[in-house]
Amino acid sequence: SDLPSGRFVQWRAAFSAADGHSPHLSEVTVSFRQANLPPQIDRLSVLDPGQILVPANFNPAQQVYEPAHPNREGIFTTVRPVVPASQKRLKTLWKRGFRTLRWEAEDPNQDTLVYTLSFRPERSAGDWLSVTEDLSQKYYSFDTTVLPDGRYRFRLQAFDRLRDDDPERQVAEEVSEPVLIDHSTPVLGEVNETGDELLVVIEDRWNPLRDAVYSVDAQEWRPAIPADGLLDGRRETLLLHPTEQGSLLLLRLTDAAFNVVTIDLTRGSRP
């Protein structure tokens with residue numbers, strides 16, 4: 001008989017005796033069809049700027065490491081090679097300009113999942129634009145230099161069927177937190193000289209400073225000291241104490257997105 005969908009079946013048989021013979025039930029057969037349940041995305045995270053994932057046995061000295069030619073189906077370039085199905089262990093390397101999305105997902109029916117990534121600017125309510133489709137691995141590293149500075153959201157979709165015309169196909173999706181794409185280097189503000197001390201104001205539009213060092217006449221780099229004692233802001237006043245300014249005074253700055261700039265602070269070269 002037709003039964004509604006459910007996880008459990010309860011069945012009861014009522015017997016009555018006739019002619020002194022006890023009733024006997026020898027077998028009960030229940031046929032069922034497992035319902036296809038949607039996938040579940042447990043986590044979608046974004047690695048720090050420059051971090052990429054590669055197979056644990058990947059050796060850049062022996063294998064092609066640079067990205068292949070840009071994708072002819074879109075703007076995004078990824079890293080090759082892709083992890084074989086048999087190689088599940090990963091390690092983290094660093095590549096300037098790249099970002100990596102990583103996720104955990106599962107399917108209640110143990111179906112093999114395929115993934116699609118799309119993106120749009122954070123404040124946009126327009127269509128999601130394709131990054132890549134038909135992924136089998138649970139991460140994706142891509143070159144961010146194709147995108148202008150700004151904040152973006154990425155949407156992950158997990159499908160339990162490859163074909164979109166399959167009536168049994170189920171999908172789950174998750175949207176990332178805003179992801180900051182920053183290619184802009186820190187810029188020089190005011191420079192004031194007091195005796196043998198330089199007070200240098202530095203500003204960065206998107207990210208706090210990560211490192212600040214200076215060099216006199218191409219000698220070793222020395223730390224530029226933040227006036228407030230902590231290098232953690234998008235606007236900082238740095239204190240430089242060159243014993244002598246020499247013929248070349250350089251200030252090298254790195255922000256949290258690893259954008260690097262070297263500024264000439266030699267007298268006569270300052271703005």
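Analyst: Relative accessible area sorts residues like this: buried is under 20%, exposed is over 50%, and partly exposed is in between. The model discussed here is predicted.

User: Why is Asp111 called partly exposed?

Analyst: Its relative accessibility is 22%. Buried needs under 20% and exposed needs over 50%. Asp111 meets neither condition, so it counts as partly exposed.

User: What makes Asp111 and Arg161 a salt bridge?

Analyst: Their closest N and O atoms are 3.1 Å apart. The cut-off is 4 Å between a side-chain nitrogen of Lys or Arg and a carboxyl oxygen of Asp or Glu, so the pair qualifies.

User: Which parts of the chain does that pair tie together?

Analyst: Arg161 lies in the loop between β8 and β9, and Asp111 in the loop between β4 and β5. These parts are 50 residues apart in sequence. Arg161 is partly exposed, at 21% relative accessibility.

User: Why does Asp160 with Arg161 count as a salt bridge?

Analyst: The closest N and O atoms are 3.8 Å apart. That is within 4 Å, so the pair counts. Asp160 has a relative accessible area of 4%, which is under 20%, so Asp160 is buried.

User: How do you know that Arg235 and Glu203 form a salt bridge, and which strands hold them?

Analyst: The closest N and O atoms are 3.1 Å apart, and the limit is 4 Å. Arg235 sits in strand β16 and Glu203 in strand β12, 32 residues apart. Arg235 has a relative accessible area of 54%; exposed means over 50%, so Arg235 is exposed. Glu203, at 35%, counts as partly exposed. Elsewhere, shared salt-bridge partners join Asp111, Asp160, Arg161 and Asp166 into one network. The structure holds 7 salt bridges.

User: Why are β11 and β15 said to stand at the edges of their sheet?

Analyst: The open sheet has 4 strands in the order β11-β12-β16-β15, with antiparallel pairing. β11 and β15 each have a single partner strand, so one side of each is left without a neighbour in the sheet.

User: How do you know that β15 and β16 pair?

Analyst: They share 2 bridges, in the antiparallel sense. Pairing needs at least two, so they pair. Ile225 has Leu239 in β16 as its bridge partner.

User: How many aromatic pairs are there, and why is the pair of Trp94 and Phe258 called edge-to-face?

Analyst: The count comes to 6 aromatic pairs. For Trp94 and Phe258 the centres are 5.2 Å apart and the planes stand at 75°. Centres must lie within 6.5 Å, and planes over 60 degrees apart count as edge-to-face, so the label fits. Trp94 is in strand β3 and Phe258 in the loop between β17 and β18, so the pair ties together parts 164 residues apart in sequence. Trp94 is partly exposed at 39%, and Phe258 is partly exposed at 22%.

User: Why is the pair of Phe142 and Phe154 called tilted instead?

Analyst: Here the centres are 5.4 Å apart and the planes are at 50°. That angle is neither under 30 nor over 60 degrees, so the pair is tilted. Phe142 lies in strand β7 and Phe154 in strand β8. Both residues are buried. Ring pairs also link them with Phe119, Tyr140 and Tyr152 in a cluster.

User: What sits over the ring of Phe258?

Analyst: The charged end of Arg210, 4.1 Å from the ring centre. The distance limit is 6 Å. Phe258 also takes a positive phi near 65° in the hairpin of β17 and β18.

Conventions: Residues numbered from 1 in each chain as written. Predicted model: local features only at pLDDT ≥ 70, side-chain atom pairs only at ≥ 80, totals over all residues. Heavy atoms only, no water. Buried < 20%, exposed > 50% of the residue type's maximum accessible area, 1.4 Å probe, protein only. Lys NZ or Arg CZ within 6 Å of the ring centre and 35° of its normal.
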